[in-house]
Amino acid sequence: MPTNNTSNDFLDFNLPQNAYAAFDAVSLKSYIVERLNENEKFTDQNFDGSNLAAVIDIIAYSYHVLLFYLNNTAAEVNFDQATLYENMNRIVKLIGYKPAGKQTSLVPINAVASENLGISNYTIRKYSYFLLDDIQYNFIEDMSFDKTIAGIQSIETINDNAVLYQGSISEYPDYIAQGEEFEVLPIVVENIVDSDDTKFIADNTISVYVKEKNSGRWYIYDEVDSLYLAKSRDRVFEKRLNESGNYDVKFGNGIFGRRLIEGDTVGVNYILSDNNKGIISKNAINGNKLFIYNSSRQNAVFNDTYLNKEETTFITVTNSSELSFNNPVNSSTLTDEETVEQIRENAPKSFSSQLRLVTEGDYESLINKNLSNLVTSAKVVNNTEYLNGYIQYFYDICVDPNKVNRVIINQVNFADACDFNNINIFVVPKFVIGEDKSYPPFLSNSFKNLIIQLTGDKKMVSNEVVPRDPIYMAYGIGVSNFSETNLSLSVLDDTKLYVVREATNKINKSTLKGRVNSTLKEFFLPKNNQLGQNVSITALTNSILSLEGVKRIYTKNTKEGLSFNGISFLSFNPLYPESDIEIINQDTTLPFFKFPYLYSPFSISNRITVLDE
Amino acid sequence: MALLKISDISVDKSSDAALSKGYLYKDLLLPIRNRVSYNNQLKRNVELRDIQGLFDLGAVKQSIVNCFLTSPGQKILSPEFGIDLRRHLFEPIDVWTTMAIEDEIKDKLPGLEPRIQLQKVTVEPDIDQQEYNITLQINVPSLNVYGLSLKSVLNSNGYFIS
């Protein structure tokens, strides 16, 4: 930052706090020259050809470079200025924040038991898995269910709770403990990578077992958010993705969590995700055999830790054929590790919540951080807002909410008789519209239960977490003079968006049409939208008008002969298109339970016409 | 912040007196060496707490040398400074290169060294020695020096004023 201010504080060395910013090479050189001019010992500093000028240049430039790095280094230690992952990771460690790692693909699963499976209680063991052409999907917890009738039975416990994690089960080599306080075991496997083919440790899949030297038995160690909340004998560990992109497993010191004793053997298991290669489509797991994970260490762990194994009926290779499985939805996409910007956004929220879920924001940030591979948008409301907003919506459109499928399903599955303490979480899953006029999916029950599990140990005891489904609002190009009561979906067939090309621009009409089409689709992509967001038609109009060659746009209903200068949409609830339908041609804020999507993304280009000026 | 005065670290008075000779142009001699003053009583040089300098005509001559040996862009904070005669050393010694060197000096030197008035430039190639003999005739009005002839040599070892 060169400056011409030469009076002065700098020359008197009476420096203000931000003086370092003024010491760039050019201003440093001018300060040195001025100082030498005042001194009169030398004169040739004023001539560029002199030796003195060369020396001054070297000094000024060297200081410039040094101050640049000093400035950078100073910035990198500040939470609000750090730009490198390593630095940000270390900074937030001070407040106990644990950055999220890369998450693997998840899929819910349905199971049907044949009549040959007797009435009993069964358990599918942890790490049982399906194989689909080398792609492996695993149970990462034991899953117990009851077969209650003699005939064929759909196993609701599995249907509503089971979530499979993609990847191969990996065992980290045994680690012999040193017996230090807060002993840390780094799990060094490359896991922060951008390549589609590289495997990585899936976040939230690490299990830790310790074979304690004194007893010679394996014990399960549970993950905790903070060791400082644990008691002295608790068998717990803390896991953190460190600045190098490796997971650190940290044990207690004997005061906060059990301290490892020298000679204890630590076994760590994790799921090594196959990255994007592991994503599967709906019904890919269909009739696939269930395999049981078998390794000497895991068998030893099982024998030492499973208490009533003699009384438990396990699903084994022999009886697994009596269960048929299938995945009712596509597997979820992967989620990258938290970026520096995401950490900057999430860490203060996490810190303010102090591992407790109190405010709506606490719930939303927890879900967005931990289930970002499942959830596009989440909105949390209390029961009053739920009644005054969501339930009132159905009354407003003359629909009895007690007869609405999605309201009943969630109420029955997740809520109890007492509703005032409900924490209603409206969740939009990750989705892609596969064909025109298709309706977006809702989050599966298994994933909803995952949300309940996630919040279980952090929410207030008296609160009841109830996942809810959003109202999807379809948007199509439409303009009409009819009142809302007379509006119908036929407006969509009668309306087109006209794009007027500038007379002086020779851009190909089909290219221009393609760009407008892409802009519209991009605007309505789920990742660019939120529940209860402001649908900014102004921003969309500006995006289209800023395309090269676009002079103006207008929406015209050819049947009614009506034209609107700009872009106009018909917005409607596809489940109740007669009751909830309106023309939208200005910025609109949706209620917290509504989520927008493009009604016919694949044929929208047919509704766009490019004209000459 | 503590107040730091440069005057606090100046040379002592005896050294200062030895240095004050009323020169108009005072530059730094490179490489840096300590200055000495001849002590008549002890009949030997006494090292002063200061560095050796170049003064008046010596400073101007050094500046001309620097102009010839600096390539444009080399001096980071004055990127247009320099004539760079060295690049001609890799060209054949002929009349065209000679004229090019002469033209460059005439064009650029007065702008780079404002203390001089360039009267005449003569460049003579010496093919046998693989060098150019350059003679500059200059005035330095501020020093009241007129018609000063500077004979110099440009060869693969650099540029030297004799």
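The following exchange concerns salt bridges and one helix pair in a predicted model.

Q: What are the ground rules for this model?
A: It is predicted, with local features needing pLDDT of at least 70 and side-chain atom pairs counting only at pLDDT 80 or more, while totals for chains, interfaces and linings use all residues. Residues are numbered from 1 along each chain as its sequence is written, chains are lettered from A, and side-chain values use heavy atoms, with hydrogens and water left out.

Q: How many salt bridges are there over all chains?
A: The count is 32, a salt bridge being a side-chain nitrogen of Lys or Arg within 4 Å of a carboxyl oxygen of Asp or Glu.

Q: Which residue does A:Lys29 meet in a salt bridge?
A: A:Lys29 pairs with A:Asp48, at 3.6 Å from N to O. The two lie 19 residues apart, A:Lys29 in helix α1 (residues 25–39) of chain A and A:Asp48 in the loop between α1 and α2 (51–76) of chain A; helices are DSSP runs of H or I, at least four residues, and strands are runs of E, at least two.

Q: Is A:Lys29 buried or exposed?
A: A:Lys29 is buried, at 14% relative accessible area, whereas A:Asp48 is partly exposed at 27%. Buried means under 20%, exposed over 50%, and partly exposed in between, with a 1.4 Å probe and protein chains only.

Q: Which residues are linked with A:Lys29 and A:Asp48 in a network?
A: A:Asp57 and B:Lys75 are linked with them through salt bridges.

Q: Changing topic, which residues of α3(A) meet α6(A)?
A: A:Tyr85, A:Met88 and A:Val92 do so, contact meaning heavy atoms within 4.5 Å.
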